[in-house]
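Reader: I'm new here, so could you walk me through this one? Let's start with the open spaces.

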Amino acid sequence: MNALLREARFLAKDRGAVLWIVLALLLSAAATGFGIAEVREQRQTIAALLAEDAKDRANAISKHDAWGDAAYDAFHLTYAPPSDFAFAALGQRDTAPWLHRVRMLSLESQIHEADTANADFGLIGRFDFAFLAAAVAPLLLILLLHDLRAGERVAGRHDWLVASAGTPRRLWLPRAGVRFGGLALALLVPFWIGAAIEGAGFGAALAASALVVGSLAAWWAIIAVVGRRNASPPALLAALVGIWLMLALLIPAAARAGIEAAVPVPDGAEILMLQRDAVNDAWDKPKAATMTPFLARHPEWRALGTVEKPFEWKWYYAFQQVGDQQAEPIVTAYRQGRLARDRAAGWAALLSPAALTERGLERLAGTDTRAMIAYEDRVRAFHARLRAFHYPLFFRDPPYDPVVLDGLPRYDPAP
Amino acid sequence: MTPTLEARSLVVMRDGAAVLNDVSFAIAPGEVFALLGGNGAGKSTTLLTFLGFLQPTAGDVLVAGRSVGDDVEAARAKIAYLPEAASLYGHLNAYENLGYFLDLAGRKVSRAALDAALDQVALPTEARQRRMQSYSKGMRQKTAIALALLRDTPILLLDEPTSGLDPVAIDEFHAMVQALAAAGRTVLMVTHDVYGACQVADRVGLLRGGRLVGSFAASDAGGRIDTETVHAAFAAREAA
């Protein structure tokens with residue numbers, strides 16, 4: 001304890017080291033603030049749309065007197081609300097859609113219409129707490145620790161200090177430990193405040209703190225190994241920045257390129273085009289071309305499955321579903337490909353403490369690939385409930401009664 | 001009586017070359033031993049070996065009768081070391097520097113004791129609160145000497161201790177070393193300064209090329225080593 005106090009007092013007098021720690025504090029406050037602002041904006045967007053959702057749907061339904069027309073114009077809001085911890089790691093919420101307004105048409109094109117590029121794994125992303133902790137903090141730690149020994153060697157104090165301390169451990173461990181602790185606290189205090197403001201669970205905050213400290217400890221070990229070399233401080237700094245570049249940027253980038261090449265994934269636009277073509281082509285095909293595959297999936301409507309008029313809503317919505325059925329192989333490939341890439345990225349992250357930390361924080365925040373795919377699955381499940389609600393109305397075609405539509409399924413965002 | 005410091009047939013090899021070669025000497029408690037030698041003679045290597053920073057390739061070094069290699073921490077705890085060109089922290093003042101190094105050595109010293117030591121080395125009072133980056137070389141050396149005094153250890157290893165000191169301060173330093181020896185401290189100093197060594201030391205050893213090539217004791221010369229004799233021997237050895 002005495003040694004830590006001694007080194008804390010010593011650190012307080014070292015303007016260069018204090019500058020890096022204050023910078024870490026400011027960056028952490030900024031990253032936490034940006035994260036909270038972004039999450040609040042997302043929540044406000046969801047709240048604003050939720051406030052209008054039921055009203056818009058009621059308004060659309062009130063204008064019609066047929067089940068098919070009402071279903072066509074009725075939009076349903078689906079969304080993945082950010083978790084209480086999402087402010088710390090926005091992750092895939094930057095690239096994957098987390099909000100849709102779906103209706104009874106083909107679903108996959110609705111899910112992917114804003115998804116012209118792949119929403120695949122994220123390794124290095126926006127400036128949030130996860131990016132700061134994973135990629136920037138190690139650089140600050142390098143700046144704080146790289147010349148602990150070498151700087152004293154150059155100043156001619158190394159042997160004097162060690163001789164005074166008796167053992168190297170009694171000197172370097174508390175000196176490096178105080179700097180390490182100072183940096184960790186500078187990073188974590190704004191994060192803890194943010195977690196308290198956002199109401200994040202204690203367990204998640206604790207796990208995230210352990211992840212950040214563990215990541216910094218891994219970097220400390222790297223710096224300690226390199227710092228033992230009898231080289232000048234600039235040479236050590238250059239070597240450590242090179243290692244940081246490799247571990248924090250090059251390996252993740254190379255892994256990403258390698259995984260993308262090794263695991264081909266169709267992009268969202270392909271799904272959109274395929275399904276729209278399927279739906280548009282259905283207008284020109286014989287009715288049986290739609291109804292046969294539809295009834296194969298829904299034999300319960302076989303008795304009412306004959307289409308006699310040139311246009312019937314049951315046929316129209318059947319070819320919307322058949323559009324989804326035709327897109328199923330590519331949708332499955334897309335989903336599995338993203339999961340396969342994510343798994344591969346998880347293995348690759350073992351080579352990069354930065355990627356591993358960022359992925360860990362995104363997992364805790366529920367903003368990783370698996371969480372976003374889970375949201376898409378919830379949208380699919382909700383849409384299936386919508387279809388199950390509407391098909392009896394389309395196929396049996398009872399007299400139109402808007403009160404029946406009060407019983408429309410409601411989307412539940414809970415996982 | 002067990003010597004406080006002893007080198008036994010000490011050999012230290014660095015990069016394949018012998019920096020110290022079969023060096024033997026023993027320093028009794030309360031004795032001041034000065035090692036003289038030119039650049040690269042092995043003077044600082046001798047001190048670093050006693051401090052455990054360099055391992056003997058052959059032979060041994062002992063502190064208070066115990067091999068340094070057996071317990072380097074115990075050996076260091078008995079030694080106050082003053083390195084050549086002692087470089088204290090420029091961003092700290094004299095009190096903070098002394099406090100830091102003493103704390104590192106596990107010693108708590110009062111402000112009054114710090115002032116007493118700084119008075120002893122004649123560091124101006126007005127300078128003590130200033131950052132050391134504004135100090136002259138002599139002022140820095142005085143502060144480092146004060147630190148060695150404050151360590152209150154039975155052994156002092158001094159590497160060119162009068163470097164940067166003015167003539168008056170050198171005389172005061174020599175008087176201080178003799179007083180410390182009289183109080184029972186053992187001093188091993190290495191220096192280029194033949195005259196200073198003869199003035200302060202009980203014995204002077206000549207190191208050349210890693211070998212101890214001559215030794216002069218005050219007791220053999222009526223209480224004081226003859227500077228001219230040592231100088232002549234030193235010059236002859238250096239010329240050889």
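Reader: How do the residues lining the second largest pocket divide into nonpolar, polar and charged?

Author: This is a predicted model, where local features need pLDDT of at least 70, side-chain atom pairs 80 or more, and lining totals use all residues. Residues count from 1 along each chain, chains are lettered from A, and side-chain values use heavy atoms. A pocket is an open set of points on a 1 Å grid where a 1.4 Å probe fits, with protein on both sides within 12 Å along at least five of seven lines; lining residues have an atom within 4 Å of a point. With Asp, Glu, Lys and Arg as charged, and Ala, Val, Leu, Ile, Met, Phe, Trp, Tyr, Cys and Pro as nonpolar, the split is ten nonpolar, two polar and three charged.

Reader: And which elements give two or more residues to that lining?

Author: The second largest pocket has a volume of about 370 Å³. Its lining has 15 residues, with A:R149, A:W172, A:W220, A:A224 and A:R228 closest to the centre. Counting helices as DSSP runs of at least four residues, the elements are α6, α8 (168-198) and α9 (202-227) of chain A.

Reader: Now the largest pocket: which element supplies the largest share of its lining?

Author: That pocket fills about 550 Å³. At least two lining residues each come from α6 (148-155) and α7 (158-165) of chain A and α1 (43-50) of chain B. With four residues, the largest share belongs to α7(A).

Reader: Which residues lie nearest the centre of the largest pocket?

Author: The lining holds eight nonpolar, four polar and ten charged residues. Out of these 22 residues, the ones nearest the centre are A:R153, A:H158, A:D159, B:L48 and B:F53.

Notes. Points joined across faces, edges and corners; volume = space filled by probe spheres on them.
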